[in-house]
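Reader: Hello! I would love a close look at one part of this model, with its surroundings described step by step.

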Amino acid sequence: MATKVMEVVKKLDIEKYMGRWYEIASFPSRFQPKNGVNTRATYTLNPDGTVHVLNETWSDGKRGYIEGTAYKADPKSDEAKLKVKFYVPPFLPIIPVTGDYWVLHIDENYQYALIGQPSRNYLWVLCRQNSLDDEIYNQLVEKAKEEGYDVSKLHKTPHTNPPPENNDAPKDTKGIWWIKSILGK
């Protein structure tokens, strides 16, 4: 059976997309700790048109984070197909790792989004708030299913209210969260 061509958002307003997004659910990944909570991403537009990416999660009471850069995969295309480049490990960033970041759905007010990539091995449900109405969540899950994702792998991300701020927890300065996640812990 042929794999359906994935539909992505066209004419994404990158300036409206900037800011903080909370991870409501995702496929487990070796790049994130299994016990991560309050996971979020903050996007900031750089003067050159690329996007600064700050991904954060709290694990065992410590804030782990990694920074990277996102850019259009094809600058001439109107499709929301981005590439994201991180340097790992976070405590000695020397190895570039690039991944796809495709915006599969976003609401007209830029309050929630569905993010995937062509292999369908990664999927994220994002929201401007750290919780999302069940009806909207279910609509996004259905959209992911229509795009060929095995939504049974989707895992909801725990969040606290209010969400922590950067200074609310000690930093994981040694990158232990990253090493644990690579080892599957």
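Which residues does aspartate 100 touch, not counting residues up to four places away in sequence?

Author: Happy to help, and please keep in mind that this is a predicted model. Leaving out residues up to four places away in sequence, aspartate 100 touches Leu82, Lys83, Gly116, Gln117 and Pro118. One of these, lysine 83, also has a side chain joined to the side chain of aspartate 100 by a polar contact of 2.8 Å.

Is aspartate 100 buried, partly exposed or exposed? Its relative accessible area is 24%, so aspartate 100 counts as partly exposed, given that buried means under 20% and exposed means over 50%. Serine 119 makes a useful reference point here: the C-alpha atoms of aspartate 100 and serine 119 are 9.2 Å apart in space, with their positions 19 residues apart in sequence.

Now for the strands around it. Aspartate 100 sits in strand S6, which covers residues 95-106. On one side of the account is strand S5, residues 81-88, which pairs with S6 in the antiparallel sense over 8 bridges. S5 and S6 form a hairpin, with 6 residues between them. The other pairing is with strand S7, residues 112-116, again in the antiparallel sense, over 4 bridges. S6 and S7 make a hairpin too, with 5 residues between the strands, and in that hairpin tyrosine 110 takes a positive phi near 60°.

Tryptophan 102 ties these pairings together. In S6, tryptophan 102 stands opposite lysine 81, and its bridge partner in S7 is glycine 116. Glycine 116 has already come up, as one of the residues that aspartate 100 touches.

For a computational chemist, the pocket may be of interest as well. The largest pocket holds about 790 Å³ of space. It is lined by 38 residues, and the closest to its centre are Phe31, Asn55, Val84, Phe86 and Trp124. By type, the lining divides into 25 nonpolar, 9 polar and 4 charged residues.

Finally, here is another partly exposed residue to set beside aspartate 100. Isoleucine 14 lies in helix H1, residues 14-17, and counts as partly exposed because its relative accessibility is 27%. Beyond its neighbours within four places in sequence, isoleucine 14 is in contact with Leu45 and Val51. Tyrosine 43 is 29 residues from isoleucine 14 in sequence, and their C-alpha atoms are 9.7 Å apart.

Notes:
Residues are numbered from 1 along each chain as its sequence is written. This is a predicted model: local features need pLDDT of at least 70, side-chain atom pairs count only at pLDDT 80 or more; totals for chains, interfaces and linings use all residues. Side-chain values use heavy atoms; hydrogens and water are left out. On a 1 Å grid over the protein atoms alone, a cavity is a set of points where a 1.4 Å probe fits but cannot get out, and a pocket is an open set with protein on both sides within 12 Å along at least five of seven lines; lining residues have an atom within 4 Å of a point. Grid points are joined across faces, edges and corners, and a volume is the space filled by probe spheres set on the points. Ala, Val, Leu, Ile, Met, Phe, Trp, Tyr, Cys and Pro count as nonpolar, Asp, Glu, Lys and Arg as charged, and the others, Gly among them, as polar. Helices (H or I, at least four residues) and strands (E, at least two) are DSSP runs, numbered from the N terminus. Buried means under 20% relative accessible area, exposed over 50%, partly exposed in between (1.4 Å probe, protein chains only). Contact means heavy atoms within 4.5 Å. A polar contact is a pair of N or O atoms within 3.5 Å; within protein, one must be able to donate a hydrogen and the other to accept it, and residues adjacent in sequence count only if both atoms are side-chain atoms. Two strands pair if DSSP finds at least two bridges between them.
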